[in-house]
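Dear colleague,

I am passing on the structure we spoke about, and I would be glad if you could look through it before reading my notes. What I found is set out below the structure.

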Amino acid sequence: MRRQPGARLSVSELAAAALASAVFLAGASPAFALRVVAATNDLGALARAVGGPEIELDVVARADRDPHALEVRPSTLRKTAKADMYLEVGFDLDAWSAHIVRGSRNRDLIVVPCSEVIEPAEVPTGPVDASQGDVHPQGNPHYWLDPQNAVRVAEHLAAVFADADPDHAADYLRRAAEFAASVEERLPAWRAALEGRRFVEYHRTWVYFAERFGMTIAGEVEPFPGIPPGARHLALLAETIRRDSVPVVVRQVYHPDSPLDFLHRETGVRVEVLPASCAEPTPAAYLELIEHAVRILGGHGPPGEDGP
């Protein structure tokens, strides 16, 4: 039936229209204030800690992949093309992020190098060349493993989000403060469990963490970053482990386990796979990443699969 101009809807027709609208909205995508793409789960976790339900979040690198070398998928370019903001790690860890930003052809994209609020560790003082391995000229890029650096990044993101979305500025700032408080209340127990302890790592990953909690990194399995170890290097590292009574050697899931098997056979040292990236892009997962590291490096973790 065709309705004449100016005719009023009946109560039943209004109800039907309201129901149809509700069904449409239920099937529609929720409206987000900001669409954010993060290079890693860790930056995604900090973005979620600050952004809460106001942001739509996508993450590029999975936690079980080496962030130094990543193949960019077309789906990532498509997501970034529709995003408002891209969060990059910086310090040349995620050099592939530049390809994502360029490939997205998103002229309105806000690129946030999260390393810009970090005081870098281990910045080379002399010339850098391939003989030194995978050295980062701007400094060690694994800064998020220091929880106080994570707080700095969260506070920075709160300011960036607030500038891009003033309507939710108070929410972003409040959540950043809440995340900072959750970290601060845990710091004393973490330090008590870790201070003075030693460990060996496969790659030079846990520098910021060790510095924060007063730990000693007794050596690395790699003679230079990204360079596989030879027999002489492993023999010298085994001597260091025995001499200094180092209790544990840790690696990432994507690192080969045969060098650690050798060190365990030679010294009896405990061997652990210790993730350096949180399993999910959530603040709870970030805190669990640090808690797990405290358990493993503080001597309270389960024996490694190849350990005693």
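In what order do the four strands of the open sheet with parallel pairing that includes strand 1 stand? Please bear in mind throughout that this is a predicted model. The order is 2-1-3-4, and the sheet is open, with its four strands paired in parallel. Its edges are formed by strand 2, covering residues 55-61, and strand 4, covering 110-113, each of which pairs on one side only. On average, and with direction ignored, neighbouring strands of this sheet are turned by 20° against each other.

Within that sheet, strand 1 (residues 34-40) is joined to strand 2 by six bridges in the parallel sense, and one place to look at is valine 37, whose bridge partner in strand 2 is aspartate 58. Helix 4, made of residues 96-104, lies across strand 1, strand 2, strand 3 (85-88) and strand 4, and it runs at about 170° to strand 3.

Further along the chain you will come to another open sheet, in which four strands follow the order 6-5-7-8, again with parallel pairing. Here the edge strands are strand 6 (216-220) and strand 8 (270-273), each paired on one side only, and the twist from one strand to the next averages 30°. Strand 5, which spans residues 198-201, runs parallel to strand 6 and is joined to that strand by four bridges; valine 200 stands opposite glycine 219 of strand 6.

Two helices that pack on this sheet deserve a look. Helix 10 (residues 258-267) touches strand 7 (248-251) and strand 8, and its direction makes about 175° with that of strand 7. Helix 11 (residues 283-297) touches strand 5, strand 7 and strand 8, and the angle between its direction and that of strand 7 is about 145°.

Lastly, there is the matter of enclosed space. A search of the whole structure finds one cavity of 30 Å³ or more, and the largest cavity holds about 140 Å³ of space. It is lined by 16 residues, of which Pro67, Trp144, Tyr254, Ala276 and Ser277 are the closest to its centre. Sorted by class, the lining of the largest cavity consists of six nonpolar, seven polar and three charged residues.

Where does the largest cavity lie with respect to the domains? Because domain 1 (34-119 + 133-186) and domain 2 (190-298) both give residues to its lining, the largest cavity lies between them.

With best wishes

Conventions
Residues numbered from 1 in each chain as written. Predicted model: local features only at pLDDT ≥ 70, side-chain atom pairs only at ≥ 80, totals over all residues. Heavy atoms only, no water. 1 Å grid on protein atoms, 1.4 Å probe; cavity = no way out; pocket = protein on both sides within 12 Å on 5 of 7 lines; lining within 4 Å. Points joined across faces, edges and corners; volume = space filled by probe spheres on them. Nonpolar A, V, L, I, M, F, W, Y, C, P; charged D, E, K, R; others polar. Domains from an automatic or database assignment. Pairing = 2+ DSSP bridges. Axes fitted to C-alpha atoms, helices over the stretch in contact; angles between N-to-C directions. Contact = heavy atoms within 4.5 Å.
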